[in-house]
Amino acid sequence: WGSAPPVFALTQESAPPQRAQHLQRPRPAPEWARSQARRLFAAHVRASGEAPGLRRGAAAMRFETTIVAPWLMTNLKAVLADFAATALLARASAELEAVTACRQRAQADRRRHTHIWRSPGFDENLDEHDGELAHQRATLAALLELTLATTPTGNKIPDDIEWANLLALAGLYVEATTRSDSLRWNINGEATKISEDYEVSAAIADTPVLDLAAFNDARRRHARTIQTASSASTGREHLRVQHDRGISLGADVLNASSGMPHEPGSYGGRSTQLADIDPALADIDTAMRQDLGCSAHTLLAVCVLVTEWPVTDDHPTSQTTMQDLVDAICGQLQVDGREARAAIEALTLRGTDLATEGIQPWKGRARHHRLLTHPLIDLGTGTLMLLPWNSGTAGQVLSQYLWDGLLPWAQQRQDALPRVRSALSKLRLRRTQALEDETHQYLEALGLRARSRVKPHHAHILGLSCLPGEIDHVVARPDSGIIWVLEDKDLAEV
(Lines give C-alpha, C1' and ligand atoms only; values in the text may rest on other atoms or scores of the structure.)
Protein backbone atom coordinates (compact mmCIF):
# COMPACT_ATOMS: atom_id res chain seq x y z
CA TRP A 1 0.00 0.00 0.00
CA GLY A 2 2.88 2.32 0.69
CA SER A 3 3.91 2.25 -2.97
CA ALA A 4 0.40 2.66 -4.35
CA PRO A 5 -0.21 6.03 -6.01
CA PRO A 6 -2.82 8.24 -4.34
CA VAL A 7 -6.15 8.36 -6.14
CA PHE A 8 -8.80 11.06 -6.03
CA ALA A 9 -12.21 10.04 -7.43
CA LEU A 10 -14.72 12.72 -8.38
CA THR A 11 -18.30 11.90 -9.27
CA GLN A 12 -20.51 14.51 -10.90
CA GLU A 13 -24.24 14.11 -11.44
CA SER A 14 -27.47 16.05 -11.29
CA ALA A 15 -28.69 16.83 -7.80
CA PRO A 16 -32.04 15.32 -6.77
CA PRO A 17 -34.87 17.75 -7.58
CA GLN A 18 -36.42 17.68 -4.10
CA ARG A 19 -35.99 20.87 -2.08
CA ALA A 20 -35.72 19.11 1.32
CA GLN A 21 -32.21 17.69 0.94
CA HIS A 22 -31.10 17.20 4.55
CA LEU A 23 -33.84 15.07 6.09
CA GLN A 24 -32.64 12.71 8.82
CA ARG A 25 -34.01 9.23 9.41
CA PRO A 26 -36.68 9.27 12.15
CA ARG A 27 -36.45 6.78 14.97
CA PRO A 28 -38.16 3.47 14.15
CA ALA A 29 -40.34 1.67 16.66
CA PRO A 30 -38.12 0.91 19.68
CA GLU A 31 -37.61 -2.66 20.79
CA TRP A 32 -39.70 -2.25 23.97
CA ALA A 33 -42.73 -1.21 21.90
CA ARG A 34 -42.26 -4.03 19.37
CA SER A 35 -41.86 -6.55 22.20
CA GLN A 36 -45.03 -5.34 23.90
CA ALA A 37 -47.02 -5.52 20.65
CA ARG A 38 -45.73 -9.03 19.94
CA ARG A 39 -46.70 -10.20 23.44
CA LEU A 40 -50.24 -8.87 23.05
CA PHE A 41 -50.52 -10.52 19.64
CA ALA A 42 -49.13 -13.82 20.95
CA ALA A 43 -51.71 -13.81 23.74
CA HIS A 44 -54.44 -13.34 21.14
CA VAL A 45 -53.15 -16.24 19.01
CA ARG A 46 -53.00 -18.50 22.04
CA ALA A 47 -56.52 -17.53 23.13
CA SER A 48 -57.82 -18.29 19.63
CA GLY A 49 -57.00 -21.98 20.14
CA GLU A 50 -54.43 -22.16 17.33
CA ALA A 51 -51.73 -24.73 18.06
CA PRO A 52 -48.02 -24.10 17.39
CA GLY A 53 -46.70 -25.39 14.08
CA LEU A 54 -46.61 -24.66 10.37
CA ARG A 55 -49.62 -23.54 8.36
CA ARG A 56 -49.40 -24.09 4.60
CA GLY A 57 -51.54 -23.00 1.70
CA ALA A 58 -55.25 -22.59 2.46
CA ALA A 59 -54.73 -23.25 6.17
CA ALA A 60 -52.17 -20.45 6.37
CA MET A 61 -54.43 -18.03 4.47
CA ARG A 62 -57.36 -18.92 6.74
CA PHE A 63 -55.23 -18.20 9.79
CA GLU A 64 -53.96 -14.89 8.38
CA THR A 65 -57.38 -13.64 7.24
CA THR A 66 -59.57 -14.82 10.14
CA ILE A 67 -57.22 -14.71 13.14
CA VAL A 68 -54.44 -12.23 12.33
CA ALA A 69 -55.97 -9.49 10.15
CA PRO A 70 -59.15 -8.85 12.20
CA TRP A 71 -57.21 -8.53 15.46
CA LEU A 72 -54.69 -6.12 13.94
CA MET A 73 -57.41 -3.99 12.36
CA THR A 74 -59.49 -3.86 15.53
CA ASN A 75 -56.57 -2.86 17.73
CA LEU A 76 -55.12 -0.34 15.30
CA LYS A 77 -58.49 1.35 14.84
CA ALA A 78 -59.04 1.42 18.61
CA VAL A 79 -55.68 3.08 19.23
CA LEU A 80 -56.03 5.52 16.32
CA ALA A 81 -59.48 6.63 17.49
CA ASP A 82 -58.02 8.61 20.41
CA PHE A 83 -55.95 10.91 18.21
CA ALA A 84 -56.65 13.78 15.86
CA ALA A 85 -56.48 12.70 12.23
CA THR A 86 -54.62 15.87 11.25
CA ALA A 87 -51.90 15.21 13.84
CA LEU A 88 -51.48 11.60 12.72
CA LEU A 89 -51.30 12.53 9.04
CA ALA A 90 -48.84 15.36 9.70
CA ARG A 91 -46.38 13.20 11.64
CA ALA A 92 -46.74 10.11 9.44
CA SER A 93 -46.25 12.11 6.22
CA ALA A 94 -43.23 14.03 7.54
CA GLU A 95 -41.50 10.85 8.76
CA LEU A 96 -42.47 9.08 5.55
CA GLU A 97 -40.74 11.78 3.51
CA ALA A 98 -37.63 11.53 5.67
CA VAL A 99 -37.39 7.75 5.42
CA THR A 100 -37.98 7.82 1.66
CA ALA A 101 -35.29 10.47 1.25
CA CYS A 102 -32.80 8.49 3.35
CA ARG A 103 -33.48 5.31 1.39
CA GLN A 104 -33.13 6.97 -2.01
CA ARG A 105 -29.90 8.68 -0.96
CA ALA A 106 -28.48 5.37 0.28
CA GLN A 107 -29.45 3.65 -2.97
CA ALA A 108 -27.89 6.45 -5.01
CA ASP A 109 -24.65 6.22 -3.00
CA ARG A 110 -24.56 2.50 -3.58
CA ARG A 111 -24.97 2.89 -7.36
CA ARG A 112 -22.44 5.72 -7.42
CA HIS A 113 -19.69 3.71 -5.73
CA THR A 114 -19.94 0.35 -7.49
CA HIS A 115 -16.30 0.73 -8.64
CA ILE A 116 -14.95 0.87 -5.07
CA TRP A 117 -13.58 -2.25 -3.40
CA ARG A 118 -15.89 -3.63 -0.74
CA SER A 119 -15.02 -5.74 2.26
CA PRO A 120 -16.64 -9.18 2.68
CA GLY A 121 -20.22 -8.83 3.85
CA PHE A 122 -20.40 -5.16 2.85
CA ASP A 123 -23.19 -5.67 0.29
CA GLU A 124 -25.11 -7.89 2.70
CA ASN A 125 -25.02 -5.10 5.29
CA LEU A 126 -26.30 -2.62 2.72
CA ASP A 127 -29.10 -5.02 1.79
CA GLU A 128 -30.07 -5.35 5.43
CA HIS A 129 -30.07 -1.57 5.90
CA ASP A 130 -32.21 -1.11 2.80
CA GLY A 131 -34.62 -3.74 4.09
CA GLU A 132 -34.94 -1.89 7.40
CA LEU A 133 -35.70 1.37 5.61
CA ALA A 134 -38.21 -0.37 3.34
CA HIS A 135 -40.01 -1.85 6.35
CA GLN A 136 -40.02 1.51 8.13
CA ARG A 137 -41.45 3.20 5.05
CA ALA A 138 -44.14 0.54 4.67
CA THR A 139 -45.05 0.93 8.35
CA LEU A 140 -45.50 4.69 8.03
CA ALA A 141 -47.45 4.28 4.78
CA ALA A 142 -49.76 1.80 6.52
CA LEU A 143 -50.38 4.27 9.35
CA LEU A 144 -51.14 7.03 6.88
CA GLU A 145 -53.51 4.86 4.82
CA LEU A 146 -55.32 3.54 7.89
CA THR A 147 -55.75 7.07 9.22
CA LEU A 148 -57.25 8.16 5.91
CA ALA A 149 -59.55 5.13 5.78
CA THR A 150 -60.84 5.33 9.36
CA THR A 151 -60.76 9.13 9.91
CA PRO A 152 -60.09 9.16 13.69
CA THR A 153 -62.17 11.77 15.54
CA GLY A 154 -60.08 12.15 18.70
CA ASN A 155 -58.32 15.35 19.69
CA LYS A 156 -55.02 14.10 21.12
CA ILE A 157 -51.61 14.64 19.56
CA PRO A 158 -49.52 11.47 20.01
CA ASP A 159 -46.43 11.85 22.17
CA ASP A 160 -43.29 9.81 21.51
CA ILE A 161 -44.41 6.84 23.62
CA GLU A 162 -47.85 6.71 22.01
CA TRP A 163 -46.28 7.07 18.59
CA ALA A 164 -43.91 4.19 19.33
CA ASN A 165 -46.87 1.95 20.20
CA LEU A 166 -48.61 2.95 16.96
CA LEU A 167 -45.49 2.15 14.95
CA ALA A 168 -45.16 -1.25 16.63
CA LEU A 169 -48.75 -2.24 15.83
CA ALA A 170 -48.45 -0.95 12.27
CA GLY A 171 -45.22 -2.93 11.94
CA LEU A 172 -47.08 -6.13 12.82
CA TYR A 173 -49.65 -5.20 10.18
CA VAL A 174 -46.93 -4.79 7.52
CA GLU A 175 -45.38 -8.14 8.47
CA ALA A 176 -48.79 -9.80 8.17
CA THR A 177 -49.33 -8.14 4.79
CA THR A 178 -45.96 -9.42 3.57
CA ARG A 179 -46.75 -12.97 4.71
CA SER A 180 -50.20 -12.89 3.13
CA ASP A 181 -48.82 -11.55 -0.14
CA SER A 182 -46.25 -14.37 -0.30
CA LEU A 183 -48.89 -16.97 0.51
CA ARG A 184 -51.22 -15.57 -2.14
CA TRP A 185 -48.64 -15.86 -4.92
CA ASN A 186 -46.98 -19.00 -3.50
CA ILE A 187 -43.60 -18.40 -5.16
CA ASN A 188 -41.15 -18.72 -2.28
CA GLY A 189 -42.58 -21.90 -0.80
CA GLU A 190 -43.39 -19.95 2.35
CA ALA A 191 -45.71 -20.96 5.17
CA THR A 192 -46.86 -19.28 8.38
CA LYS A 193 -45.14 -20.52 11.51
CA ILE A 194 -46.54 -20.31 15.04
CA SER A 195 -43.76 -20.87 17.56
CA GLU A 196 -44.06 -22.50 20.97
CA ASP A 197 -44.27 -18.97 22.38
CA TYR A 198 -47.08 -18.19 19.90
CA GLU A 199 -45.01 -15.76 17.90
CA VAL A 200 -46.02 -15.66 14.23
CA SER A 201 -43.49 -15.49 11.40
CA ALA A 202 -42.92 -16.59 7.81
CA ALA A 203 -40.93 -19.76 7.19
CA ILE A 204 -39.71 -21.59 4.10
CA ALA A 205 -41.55 -24.90 4.19
CA ASP A 206 -41.46 -26.07 0.57
CA THR A 207 -39.13 -25.79 -2.41
CA PRO A 208 -39.46 -22.30 -3.91
CA VAL A 209 -41.10 -22.16 -7.32
CA LEU A 210 -38.66 -19.40 -8.33
CA ASP A 211 -35.32 -18.29 -6.95
CA LEU A 212 -36.26 -14.62 -6.65
CA ALA A 213 -32.77 -13.49 -5.63
CA ALA A 214 -31.22 -15.14 -8.68
CA PHE A 215 -34.00 -13.85 -10.93
CA ASN A 216 -33.59 -10.24 -9.79
CA ASP A 217 -29.83 -10.53 -10.12
CA ALA A 218 -30.29 -11.81 -13.69
CA ARG A 219 -32.56 -8.88 -14.51
CA ARG A 220 -29.93 -6.44 -13.29
CA ARG A 221 -27.11 -8.13 -15.19
CA HIS A 222 -28.93 -8.69 -18.47
CA ALA A 223 -31.02 -5.54 -18.72
CA ARG A 224 -30.39 -4.12 -22.16
CA THR A 225 -31.21 -1.12 -24.29
CA ILE A 226 -34.60 -1.30 -25.98
CA GLN A 227 -33.80 -0.85 -29.66
CA THR A 228 -36.07 1.24 -31.84
CA ALA A 229 -36.08 2.24 -35.48
CA SER A 230 -35.56 5.86 -34.51
CA SER A 231 -32.22 7.57 -34.19
CA ALA A 232 -33.27 9.24 -30.93
CA SER A 233 -30.12 8.10 -29.18
CA THR A 234 -30.61 10.45 -26.25
CA GLY A 235 -33.86 8.79 -25.28
CA ARG A 236 -32.42 5.31 -25.67
CA GLU A 237 -29.43 6.26 -23.58
CA HIS A 238 -31.78 7.42 -20.83
CA LEU A 239 -33.57 4.07 -21.04
CA ARG A 240 -30.30 2.18 -20.88
CA VAL A 241 -29.20 4.08 -17.79
CA GLN A 242 -32.60 3.59 -16.17
CA HIS A 243 -32.56 -0.18 -16.72
CA ASP A 244 -28.96 -0.60 -15.60
CA ARG A 245 -29.19 1.56 -12.49
CA GLY A 246 -32.87 1.54 -11.65
CA ILE A 247 -35.30 4.24 -12.72
CA SER A 248 -34.42 7.65 -11.31
CA LEU A 249 -37.28 9.89 -12.30
CA GLY A 250 -36.36 13.50 -12.74
CA ALA A 251 -36.16 16.38 -15.13
CA ASP A 252 -33.29 14.74 -16.99
CA VAL A 253 -35.51 11.81 -18.00
CA LEU A 254 -38.39 13.97 -19.26
CA ASN A 255 -35.90 16.40 -20.85
CA ALA A 256 -34.52 13.74 -23.17
CA SER A 257 -35.56 15.56 -26.31
CA SER A 258 -33.30 18.55 -25.73
CA GLY A 259 -30.58 17.41 -23.33
CA MET A 260 -30.46 20.95 -21.94
CA PRO A 261 -29.68 21.78 -18.30
CA HIS A 262 -32.74 22.17 -16.13
CA GLU A 263 -33.56 24.61 -13.38
CA PRO A 264 -36.28 23.75 -10.82
CA GLY A 265 -39.57 25.27 -11.81
CA SER A 266 -38.53 25.75 -15.44
CA TYR A 267 -40.11 23.35 -17.91
CA GLY A 268 -38.91 24.95 -21.13
CA GLY A 269 -37.28 22.55 -23.59
CA ARG A 270 -38.64 19.41 -21.98
CA SER A 271 -40.19 16.57 -23.85
CA THR A 272 -43.95 16.79 -24.27
CA GLN A 273 -44.69 13.12 -24.98
CA LEU A 274 -43.21 9.70 -24.33
CA ALA A 275 -42.30 9.44 -28.02
CA ASP A 276 -39.66 12.14 -27.41
CA ILE A 277 -37.96 9.73 -25.01
CA ASP A 278 -38.59 6.52 -26.96
CA PRO A 279 -40.70 6.42 -30.16
CA ALA A 280 -41.83 2.90 -29.27
CA LEU A 281 -43.91 4.39 -26.44
CA ALA A 282 -45.91 6.77 -28.65
CA ASP A 283 -49.10 4.68 -28.74
CA ILE A 284 -49.25 4.52 -24.94
CA ASP A 285 -49.68 8.28 -24.59
CA THR A 286 -52.50 8.34 -27.14
CA ALA A 287 -54.30 5.36 -25.62
CA MET A 288 -54.05 6.70 -22.08
CA ARG A 289 -55.35 10.10 -23.09
CA GLN A 290 -58.36 8.38 -24.67
CA ASP A 291 -59.06 6.02 -21.75
CA LEU A 292 -57.95 8.09 -18.77
CA GLY A 293 -58.18 11.69 -19.95
CA CYS A 294 -54.44 12.39 -19.66
CA SER A 295 -51.29 11.01 -21.21
CA ALA A 296 -48.77 8.83 -19.41
CA HIS A 297 -46.20 11.56 -20.00
CA THR A 298 -48.43 14.04 -18.15
CA LEU A 299 -48.71 11.65 -15.19
CA LEU A 300 -44.93 11.39 -15.00
CA ALA A 301 -44.50 15.13 -15.45
CA VAL A 302 -46.94 15.84 -12.60
CA CYS A 303 -44.88 13.55 -10.36
CA VAL A 304 -41.79 15.57 -11.28
CA LEU A 305 -43.61 18.87 -10.69
CA VAL A 306 -44.65 17.77 -7.19
CA THR A 307 -41.17 16.40 -6.55
CA GLU A 308 -39.83 19.93 -7.06
CA TRP A 309 -42.52 21.59 -4.93
CA PRO A 310 -41.16 24.32 -2.60
CA VAL A 311 -40.77 22.70 0.82
CA THR A 312 -38.07 22.84 3.49
CA ASP A 313 -36.23 20.43 5.76
CA ASP A 314 -38.31 21.66 8.69
CA HIS A 315 -41.56 21.27 6.73
CA PRO A 316 -40.95 18.55 4.12
CA THR A 317 -44.61 18.28 3.03
CA SER A 318 -46.96 20.92 1.70
CA GLN A 319 -50.66 21.52 1.36
CA THR A 320 -52.30 23.18 -1.61
CA THR A 321 -55.74 23.54 -3.10
CA MET A 322 -56.85 21.43 -6.01
CA GLN A 323 -57.23 24.54 -8.17
CA ASP A 324 -53.73 25.83 -7.36
CA LEU A 325 -52.24 22.50 -8.39
CA VAL A 326 -54.30 22.50 -11.60
CA ASP A 327 -53.06 26.02 -12.36
CA ALA A 328 -49.44 24.99 -11.73
CA ILE A 329 -49.79 21.95 -14.02
CA CYS A 330 -51.43 23.98 -16.79
CA GLY A 331 -48.89 26.75 -16.54
CA GLN A 332 -45.74 24.66 -16.34
CA LEU A 333 -46.67 21.58 -18.38
CA GLN A 334 -48.71 23.44 -20.99
CA VAL A 335 -51.73 21.12 -20.84
CA ASP A 336 -55.38 22.11 -20.52
CA GLY A 337 -57.36 22.05 -17.28
CA ARG A 338 -59.24 18.89 -18.18
CA GLU A 339 -56.02 16.88 -18.64
CA ALA A 340 -54.53 18.38 -15.48
CA ARG A 341 -57.57 17.33 -13.42
CA ALA A 342 -57.50 13.84 -14.95
CA ALA A 343 -53.85 13.45 -13.97
CA ILE A 344 -54.55 14.64 -10.42
CA GLU A 345 -57.48 12.22 -10.17
CA ALA A 346 -55.30 9.31 -11.29
CA LEU A 347 -52.64 10.13 -8.68
CA THR A 348 -54.84 11.03 -5.69
CA LEU A 349 -55.32 8.83 -2.63
CA ARG A 350 -58.65 9.31 -0.85
CA GLY A 351 -59.86 7.98 2.46
CA THR A 352 -63.29 7.19 1.01
CA ASP A 353 -61.70 5.00 -1.67
CA LEU A 354 -59.57 3.20 0.91
CA ALA A 355 -62.61 2.61 3.12
CA THR A 356 -64.71 1.36 0.18
CA GLU A 357 -61.99 -0.98 -1.03
CA GLY A 358 -61.59 -2.29 2.50
CA ILE A 359 -58.44 -3.15 4.37
CA GLN A 360 -57.33 -6.38 2.73
CA PRO A 361 -53.76 -7.14 3.75
CA TRP A 362 -53.71 -10.47 1.91
CA LYS A 363 -53.96 -8.61 -1.41
CA GLY A 364 -50.72 -6.73 -0.77
CA ARG A 365 -49.49 -5.20 -4.01
CA ALA A 366 -52.74 -6.04 -5.83
CA ARG A 367 -54.58 -3.27 -3.95
CA HIS A 368 -55.69 -0.47 -6.21
CA HIS A 369 -55.65 2.37 -3.68
CA ARG A 370 -52.23 2.69 -2.08
CA LEU A 371 -49.71 5.44 -1.47
CA LEU A 372 -47.07 3.89 -3.71
CA THR A 373 -49.14 4.64 -6.82
CA HIS A 374 -51.27 7.54 -5.48
CA PRO A 375 -48.85 10.07 -3.92
CA LEU A 376 -51.29 13.02 -3.72
CA ILE A 377 -53.23 12.89 -0.43
CA ASP A 378 -56.79 14.22 -0.42
CA LEU A 379 -57.41 15.96 2.90
CA GLY A 380 -60.98 16.91 1.97
CA THR A 381 -62.53 20.30 1.21
CA GLY A 382 -60.45 20.61 -1.95
CA THR A 383 -57.07 20.42 -0.18
CA LEU A 384 -54.24 18.12 -1.19
CA MET A 385 -51.15 17.13 0.77
CA LEU A 386 -48.03 16.93 -1.39
CA LEU A 387 -45.15 14.57 -0.56
CA PRO A 388 -42.23 15.44 -2.89
CA TRP A 389 -39.98 12.45 -2.14
CA ASN A 390 -42.85 9.97 -2.33
CA SER A 391 -44.11 11.56 -5.52
CA GLY A 392 -40.69 10.86 -6.97
CA THR A 393 -40.97 7.23 -5.86
CA ALA A 394 -44.43 6.93 -7.43
CA GLY A 395 -43.07 8.34 -10.67
CA GLN A 396 -40.18 5.88 -10.60
CA VAL A 397 -42.58 2.97 -10.14
CA LEU A 398 -44.90 4.13 -12.93
CA SER A 399 -42.05 4.83 -15.37
CA GLN A 400 -40.40 1.46 -14.72
CA TYR A 401 -43.67 -0.35 -15.37
CA LEU A 402 -44.37 1.67 -18.52
CA TRP A 403 -40.92 0.96 -19.93
CA ASP A 404 -41.59 -2.74 -19.30
CA GLY A 405 -44.94 -2.46 -21.09
CA LEU A 406 -46.96 -2.82 -17.89
CA LEU A 407 -48.90 -0.76 -15.33
CA PRO A 408 -48.57 -0.78 -11.51
CA TRP A 409 -52.34 -0.74 -11.08
CA ALA A 410 -54.81 -3.37 -9.95
CA GLN A 411 -56.21 -5.62 -12.66
CA GLN A 412 -59.71 -4.24 -12.23
CA ARG A 413 -58.50 -0.75 -13.04
CA GLN A 414 -56.51 -1.97 -16.03
CA ASP A 415 -59.57 -3.80 -17.38
CA ALA A 416 -61.32 -0.42 -17.55
CA LEU A 417 -58.59 0.89 -19.89
CA PRO A 418 -58.94 -1.30 -23.03
CA ARG A 419 -56.94 0.97 -25.36
CA VAL A 420 -54.09 1.23 -22.87
CA ARG A 421 -53.98 -2.53 -22.38
CA SER A 422 -53.91 -3.02 -26.15
CA ALA A 423 -51.07 -0.49 -26.62
CA LEU A 424 -49.00 -2.07 -23.86
CA SER A 425 -49.60 -5.55 -25.25
CA LYS A 426 -48.42 -4.45 -28.69
CA LEU A 427 -45.33 -2.86 -27.16
CA ARG A 428 -44.41 -6.08 -25.35
CA LEU A 429 -45.03 -8.07 -28.55
CA ARG A 430 -42.73 -5.83 -30.58
CA ARG A 431 -40.00 -6.14 -28.00
CA THR A 432 -40.42 -9.90 -27.80
CA GLN A 433 -40.18 -10.19 -31.58
CA ALA A 434 -37.08 -8.00 -31.56
CA LEU A 435 -35.57 -10.30 -28.92
CA GLU A 436 -36.43 -13.36 -31.03
CA ASP A 437 -34.72 -11.84 -34.07
CA GLU A 438 -31.67 -10.94 -32.01
CA THR A 439 -31.48 -14.45 -30.54
CA HIS A 440 -31.79 -16.03 -34.01
CA GLN A 441 -28.91 -13.94 -35.32
CA TYR A 442 -26.80 -14.83 -32.30
CA LEU A 443 -27.45 -18.54 -32.75
CA GLU A 444 -26.46 -18.41 -36.42
CA ALA A 445 -23.30 -16.46 -35.54
CA LEU A 446 -22.34 -19.39 -33.29
CA GLY A 447 -22.55 -21.73 -36.28
CA LEU A 448 -25.76 -23.42 -35.14
CA ARG A 449 -28.71 -24.38 -37.33
CA ALA A 450 -31.84 -22.64 -36.05
CA ARG A 451 -35.52 -22.47 -36.91
CA SER A 452 -37.38 -19.64 -35.20
CA ARG A 453 -41.07 -18.93 -34.56
CA VAL A 454 -42.15 -22.42 -35.47
CA LYS A 455 -45.96 -22.34 -35.65
CA PRO A 456 -48.13 -25.36 -34.79
CA HIS A 457 -49.05 -25.82 -38.46
CA HIS A 458 -45.31 -26.09 -39.25
CA ALA A 459 -44.90 -29.19 -37.09
CA HIS A 460 -44.10 -31.31 -40.18
CA ILE A 461 -40.89 -29.29 -40.68
CA LEU A 462 -39.62 -30.89 -37.46
CA GLY A 463 -40.90 -34.30 -38.42
CA LEU A 464 -43.75 -34.06 -35.90
CA SER A 465 -47.46 -34.58 -36.40
CA CYS A 466 -48.46 -31.68 -34.14
CA LEU A 467 -47.25 -29.00 -31.75
CA PRO A 468 -49.11 -27.69 -28.66
CA GLY A 469 -48.08 -24.11 -29.47
CA GLU A 470 -45.48 -21.88 -31.07
CA ILE A 471 -41.81 -22.66 -30.40
CA ASP A 472 -39.46 -19.68 -30.34
CA HIS A 473 -36.33 -21.53 -31.48
CA VAL A 474 -35.37 -25.07 -32.40
CA VAL A 475 -31.58 -25.33 -32.51
CA ALA A 476 -29.12 -28.03 -33.52
CA ARG A 477 -25.41 -28.31 -34.12
CA PRO A 478 -24.64 -29.82 -37.55
CA ASP A 479 -22.23 -32.40 -36.15
CA SER A 480 -24.41 -33.43 -33.20
CA GLY A 481 -27.64 -35.32 -32.69
CA ILE A 482 -28.81 -33.02 -29.87
CA ILE A 483 -31.67 -30.61 -30.47
CA TRP A 484 -32.35 -27.65 -28.19
CA VAL A 485 -35.75 -26.04 -27.78
CA LEU A 486 -35.34 -22.42 -26.64
CA GLU A 487 -37.92 -20.02 -25.25
CA ASP A 488 -37.40 -16.26 -25.24
CA LYS A 489 -39.01 -14.56 -22.26
CA ASP A 490 -39.72 -10.94 -21.47
CA LEU A 491 -38.50 -10.69 -17.88
CA ALA A 492 -41.12 -8.04 -17.12
CA GLU A 493 -43.89 -10.60 -17.61
CA VAL A 494 -42.47 -13.31 -15.34
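## Salt-bridge exercises

In this predicted model, the side chains of E64 and R179 form a salt bridge, with N to O at 2.7 Å.

**Exercise 1.** Place E64 and R179 in the chain, and state whether each is buried or exposed.

*Solution.*
- Step 1: E64 sits in helix α2, residues 57-80. R179 sits in helix α5, residues 160-185.
- Step 2: The two are 115 residues apart, and the pair links distant parts of the chain.
- Step 3: Both E64 and R179 are buried.

**Exercise 2.** Take the side chains of E95 and R91, and find what separates them along the helix.

*Solution.*
- Step 1: Their N to O distance is 3.1 Å. The cut-off is 4 Å, so the pair counts as a salt bridge.
- Step 2: Both lie in helix α3, residues 85-112. They are 4 residues apart, so about one helical turn separates them.
- Step 3: E95 has 12% relative accessibility, so E95 is buried. R91 has a relative accessible area of 24%, so R91 is partly exposed.

**Exercise 3.** Locate K455 and E470, then classify their exposure.

*Solution.*
- Step 1: The side chains meet in a salt bridge at 2.8 Å, N to O.
- Step 2: Each residue is in the loop between β8 (449-454) and β9 (471-476). The pair is 15 residues apart and links distant parts of the chain.
- Step 3: K455 has a relative accessible area of 31%, so K455 is partly exposed. E470, with 34%, is partly exposed.

**Exercise 4.** Which residues do shared salt-bridge partners join into one network?

*Solution.*
- Step 1: The network consists of E31, R34 and R38.
- Step 2: For the whole model, the count is 20 salt bridges.

Note on methods: Residues numbered from 1 in each chain as written. Predicted model: local features only at pLDDT ≥ 70, side-chain atom pairs only at ≥ 80, totals over all residues. Heavy atoms only, no water. Buried < 20%, exposed > 50% of the residue type's maximum accessible area, 1.4 Å probe, protein only.
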